[in-house]
Amino acid sequence: MHRVGVLALDGVVPFELGIPARIFGAARDTAGGPLYTVTTCSLDGGPVRAEADYGLTVTHDASLLADVDTVVIPPSHALGPVREEGRLPAALRDALAAIRPGTRIVGICTAAYVLAAAGLLDHRPATTHWREAERLQRMFTTVRVDPDALFVDDGDILTSAGVAAGIDLCLHLVRRDHGSRIANDVARSCVVPPWRDGGQAQYIQRPVPDRTASGTAPAQAWAMAHLAEPLTLADLAAYANMSVRTFTRRFRDETGTTPGQWLIRQRVDLARHHLETTDWPVDLVAHRAGFGTGVSLRRHLHAAIGVSPQTYRRTFRPTALA
């Protein structure tokens, strides 16, 4: 059983505080048994002031964090010296220092300030809410802040953008731990999409674009149905009846990413699905996902999730297909 500990700081935002219990709590094995336990603590085991107009009662103090496999820190609107000076109060510093080496640590939204102030993000990629990205980068110059990403997975340290991006990150962890089938089941249970395309750019200073016939969504849908074919940017632009230049600009405006990056992501996801659900040879999986050769699939899969197709299949292939 994977143990998740959630640290609620004063000023915690209730929505994000509830994400780990809701997402991880919905993850079940084939027999219906829970795959995670989720326990919440405060620094001293006492009540916590929420960002909303109520307080929270917890039953554990931060010593809990020394005995879990994953630590999740939701955002707080009362970080005080952490956000203003980049300095950890003693109790918070001690709590983080007690976390065992190798423990996975997750910071949602402004909790990136906590991880940065603890030195955990030095020379590492990270993200936070787009409104805070410039300030985070200015305060912690060695952190490689990506203001566009919905979440950043750097192995043992993960960060997310604001609010619902915490859902994206926790679903990603379920997918990383147990594969797409279980992550998709969790998403259906929680009535959320299992994966959102694009980054924060699609939410900055404009609404989410309407998926109308005048946008790039029809071309995206067409591409999804033809991933095994050698699609080019010119093909997508022609389907959308746009010039390549206009299509590229519109696509990035609507999704927050480039057509090429989006296409690779869709093909990687399709290849992962085939690896989990079929016994096809790697070269056939590569062909059906549009990568052409096993060499290309290996390169793209390793760049996306850090493992080879064979390793991924051994980890996530259903027992019935073993």
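**Entry 1: α8 against α11**

I began with handedness: α8 and α11 cross in a right-handed sense. I note here that the model is predicted. I then looked up the geometry of this crossing. The axes of α8 (residues 217–224) and α11 come within 11 Å, and the crossing angle is roughly 35°. Next I listed who touches whom. From α8 I have Q220, A223 and M224, and from α11 I have W262, L263 and Q266. I sorted the contact of α8 with α11 by class: 4 residues are nonpolar, 2 are polar and none is charged.

**Entry 2: α10 against α11**

I moved to α10 and its packing on α11. Their axes lie 9 Å apart, at an angle of about 60°. That angle makes α10 oblique to α11. On the α10 side I found F247, T248, F251 and R252. On the α11 side I found P259, Q261 and W262. The class count for α10 with α11 is 4 nonpolar, 2 polar and 1 charged. I see W262 again here, having already listed W262 in the contact with α8.

**Entry 3: aromatic pairs**

How many aromatic pairs does the structure hold? I count 4. I checked F247 and F251. Their ring centres are 5.6 Å apart and their planes stand at 45°, so I log the pair as tilted. Both residues sit in α10 (residues 244–255). They are 4 residues apart, about one turn of the helix. Both F247 and F251 also belong to the α10 contact with α11.

**Entry 4: α11 against α12**

I followed α11 (residues 259–277) on to α12 (residues 282–289). The two axes come within 9 Å and cross at roughly 140°. α11 and α12 are therefore oblique to each other. I looked up the hand of this crossing, and it is right-handed. Which residues meet? On α11 they are R267, L270, A271, H274 and L275. On α12 they are V285, R288 and A289. I split the residues of this contact into 5 nonpolar, 1 polar and 2 charged.

**Entry 5: the sheet**

I turned to the strands. I traced an open sheet of 6 strands in the order β2-β1-β5-β6-β10-β9. The pairing is mixed. Which strands are at the edges? I find β2 (36–41) and β9 (151–153), each paired on one side only. From one strand to the next the twist averages 15°.

I looked closer at β1 (residues 2–7). β1 runs parallel to β2, and 6 bridges join the two. I noted one facing pair: V4 stands opposite V38 in β2.

**Entry 6: helices on the sheet**

I then asked which strands α1 (residues 14–25) lies across. They are β1, β2, β5 (70–73) and β6 (104–108). α1 runs at about 160° to β2. I also checked α6 (residues 165–178), which packs on the sheet. α6 touches β2, β6, β9 and β10 (157–160). The direction of α6 makes about 145° with that of β10. I record β2 and β6 under both helices: α1 lies across them, and α6 touches them.

Note on methods
Residues numbered from 1 in each chain as written. Predicted model: local features only at pLDDT ≥ 70, side-chain atom pairs only at ≥ 80, totals over all residues. Heavy atoms only, no water. Axes fitted to C-alpha atoms, helices over the stretch in contact; angles between N-to-C directions. Parallel < 35°, antiparallel > 145°, perpendicular 65-115°, else oblique. Left-handed = near helix turned anticlockwise from the far one by under 90°. Contact = heavy atoms within 4.5 Å. Nonpolar A, V, L, I, M, F, W, Y, C, P; charged D, E, K, R; others polar. Pairing = 2+ DSSP bridges. Phe/Tyr/Trp six-rings, centres within 6.5 Å; stacked < 30°, edge-to-face > 60°.
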